[in-house]
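Morning, everyone. Please pull up the structure, and I will walk you through it.

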Amino acid sequence: MTVQFIEPDRADPRLAIERRYTMLVGGRSVAAASGRTIRRESPVHPGLVVGEFPDASAEDVERAILAARRAFDEGPWPRLSGKERAAYLYKISQAIRDHAEELALIESLEVGKTLAGARSEMNNCADLWQFAAGLVRGLEGSTHNALSEHALGLVLREPIGVVGVVTPWNYPLVIASERLPWALGAGCTIVLKPSEFTSGSSLRLGELARDAGLPDGVVNVVSGYGNPAGQILAEHPATDMVAFTGSQRVGRQIGAFAAPTIKRVGLELGGKGPVVVFADADLEAAANQVSRSIFSNQGQTCIAGSRLIVERRVAHEFVQRLEGLANRVTVGDPLNPDTKVGAFINPVQLGKVESYVKAGREAGARIVVGGERIGTNGGLFYQPTIFTDVRPDMSIVRDEIFGPVLAVQQFDTREEAIGIANDTIYGLSAVVWSLNIDNALQTIRGIRAGRCGINGQEGAAEMPIGGYKQSGQGRELGHRGFDEYSEFKSIHINMAPSRAWL
Ligand code: NAD
């Protein structure tokens with residue numbers, strides 16, 4: 001195995017950025033009332049603290065919820081014109097662009113992702129805010145002019161209210177930016193709780209929103225653990241919705257926490273994305289994209305293509321191409337511009353990957369490449385790994401591993417490929433590679449997943465995202481993203497004189 005490792009450079013001045021953050025509650029920068037903090041150590045440079053976040057208690061979060069409640073019930077935000085709300089969203093978009101380098105560095109150090117990747121994510125974040133801003137002025141309800149001669153129906157779009165947003169660690173600001181502009185644009189107020197591992201960029205986002213002049217309490221950002229901080233957002237009677245992105249395990253809990261108050265629950269959960277490669281595909285382009293999808297961000301991506309389903313007659317050749325790419329990948333210091341695969345978020349996640357690889361080996365799957373941890377001064381690195389000779393019942397095929405581990409299955413007919421792709425509880429993403437567009441379309445139509453690609457795996461602010469099956473409920477982005485945070489009020493206007501009932 002020739003994974004090239006670049007030793008992290010502790011003399012790099014960018015590592016001297018240990019930051020102490022505050023939360024944003026009701027427009028004020030605050031510490032946790034208890035004074036407790038969570039220290040984030042770099043997953044690349046053990047012992048180096050790269051962030052210190054307030055550890056919010058239930059009371060701290062409740063204060064944030066009540067600030068958002070007040071801003072919604074009494075403040076100007078839900079009553080502003082679309083034009084005014086759009087202007088704020090544009091300002092925040094610009095602020096993200098202006099601070100992209102700082103935000104990217106924060107995420108690279110806290111998450112372990114490559115700085116180059118984080119920079120492009122920050123551009124994407126700014127674009128999400130900008131796109132949503134552009135649509136806000138066009139938000140509309142509907143009218144019904146054919147109810148009867150004497151009646152007119154109006155359907156008004158109104159904001160759902162206070163939204164608790166709980167986000168994961170793998171793409172902190174991207175996920176927040178897939179939710180906040182749409183919720184704010186609809187007229188909602190927010191309490192955002194990022195992951196306890198990677199809160200820095202979200203806490204900075206709160207400051208940028210405040211500096212953009214957003215009225216107090218419209219955006220509140222609290223940092224802390226799932227329990228109690230995230231749980232309170234789901235449970236509290238003063239939140240009207242909880243928008244959660246994360247694992248299935250916690251997603252199910254969120255649903256249960258929210259049930260007693262019958263609030264709306266948005267869930268963006270995990271996946272086990274199938275990638276179907278037909279023999280007539282551009283195999284070079286497909287191999288490049290397949291390897292990028294599963295190996296970049298260390299495989300810690302919800303839409304990673306972790307199940308390769310390849311046509312039998314090109315399977316050997318295609319896997320050889322992937323093996324060649326895996327051998328060329330540069331793993332190591334995320335700040336190095338040549339690095340393609342950075343570090344794991346924490347030892348638990350790395351241990352989880354190791355135990356899945358062990359289980360795959362013991363179940364009889366064959367490792368083509370990878371399969372080992374890369375030992376370097378305690379940094380959390382793992383080799384890009386490919387398994388063949390897998391069976392559908394193996395855990396490496398069934399479970400979301402959230403690591404750079406690809407399981408390869410083979411097919412002979414389109415129907416067989418669709419069957420294998422659908423043999424999962426997940427339905428987040430799918431990709432089909434074929435230069436025959438009819439074939440590609442027929443295949444993708446047969447696969448039950450929300451975020452699909454043909455001959456590539458790009459996303460766009462214009463297109464809704466969300467999961468089928470156990471990958472979630474609700475849709476983000478595009479025009480539909482606003483419906484997620486809207487109530488629809490129907491008003492029946494009776495224009496005929498009313499008759500006495502009795
Ligand atoms: P996680 O479920 O462990 O945590 C997500 C968030 O929930 C964190 O902020 C955490 O503090 C909070 N949380 C934990 N326990 C909680 C509780 N009891 N009550 C309320 N909140 C709680 O997920 P993770 O490990 O941070 O992220 C990885 C998962 O996220 C993967 O499954 C991945 O597929 C998924 N994900 C999905 C998408 C998507 O768009 N569908 C995007 C990114 C990540």
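I will take the ligand site, then two sheets, then some backbone details. Keep in mind that this is a predicted model.

Let's start with the ligand. Which residues come nearest to the ligand? Among the 28 residues around it, they are Thr167, Glu196, Ser247, Leu269 and Glu400. By class, the shell splits into 13 nonpolar, 11 polar and 4 charged residues.

Now the contacts, all to oxygen atoms of the ligand. Ser247 is on the list of nearest residues, and an N or O atom in its side chain sits 2.6 Å from a ligand oxygen. Trp169 also uses its side chain, with an N or O atom 2.9 Å from an oxygen of the ligand. Gly226 uses its backbone instead: an N or O atom there is 3.4 Å from a ligand oxygen.

How much of the ligand does the protein bury? On its own, the ligand exposes 840 Å², and the protein buries 90% of that. Three elements give two or more residues to the shell: helix 7 (226-235), strand 11 (241-245) and helix 8 (248-258). Helix 8 gives the most, with 4 residues.

Stay on helix 7 for a moment. Pro228 lies in this helix. The peptide bond between Asn227 and Pro228 is cis, with omega at about 15°. For context, most peptide bonds are trans.

Next, the sheet of 7 strands. It is open, its pairing is mixed, and the order reads 16-19-20-14-13-21-22. Which strands stand at the edges? Strand 16 (366-369) and strand 22 (451-454) do. Each has a single partner strand, so one side of each has no neighbour in the sheet. On average, neighbouring strands are turned by 25° against each other, ignoring direction.

Look at one pair inside this sheet. Strand 13, residues 273-277, runs parallel to strand 21, residues 429-433, and 3 bridges join them. Val277 stands opposite Trp433 of strand 21.

Two helices go with this sheet. Helix 14, residues 437-446, packs on it and touches strand 13, strand 21 and strand 22. The direction of helix 14 makes about 165° with that of strand 22. Helix 11, residues 347-362, lies across strand 16, strand 19 (385-388) and strand 20 (405-411). The angle between helix 11 and strand 19 is about 25°.

Two loop residues next. Where is Asp389 found? In the loop between strand 19 and helix 12 (395-398). Its phi is near 55°, a positive value, and the residue is not a glycine. Asn455 is in the loop between strand 22 and strand 23 (472-473). Asn455 is not a glycine either, yet its phi is positive, about 55°. Most residues other than glycine have a negative phi.

Last, the sheet of 3 strands. This one is open too, with antiparallel pairing in the order 6-7-24. Strand 6 (142-148) and strand 24 (486-494) are the edges; each has a single partner, so one side of each is left without a neighbour in the sheet. The twist averages 20° from one strand to the next. Strand 6 pairs with strand 7, residues 151-159, over 4 bridges. One of the bridge partnerships puts His144 with Gly153 in strand 7.

That's the tour. Over to you for questions.

Terms used: Residues are numbered from 1 along each chain as its sequence is written. This is a predicted model: local features need pLDDT of at least 70, side-chain atom pairs count only at pLDDT 80 or more; totals for chains, interfaces and linings use all residues. Side-chain values use heavy atoms; hydrogens and water are left out. Two strands pair if DSSP finds at least two bridges between them. Axes are lines fitted to C-alpha atoms, for helices over the stretch in contact, and angles run from 0 to 180 degrees between N-to-C directions. Contact means heavy atoms within 4.5 Å. A residue is near a molecule or strand if one of its heavy atoms lies within 4 Å of it. A polar contact is a pair of N or O atoms within 3.5 Å; within protein, one must be able to donate a hydrogen and the other to accept it, and residues adjacent in sequence count only if both atoms are side-chain atoms. Accessible areas come from the Shrake-Rupley method with a 1.4 Å probe; for residues, only the protein chains shown count as cover. Ala, Val, Leu, Ile, Met, Phe, Trp, Tyr, Cys and Pro count as nonpolar, Asp, Glu, Lys and Arg as charged, and the others, Gly among them, as polar.
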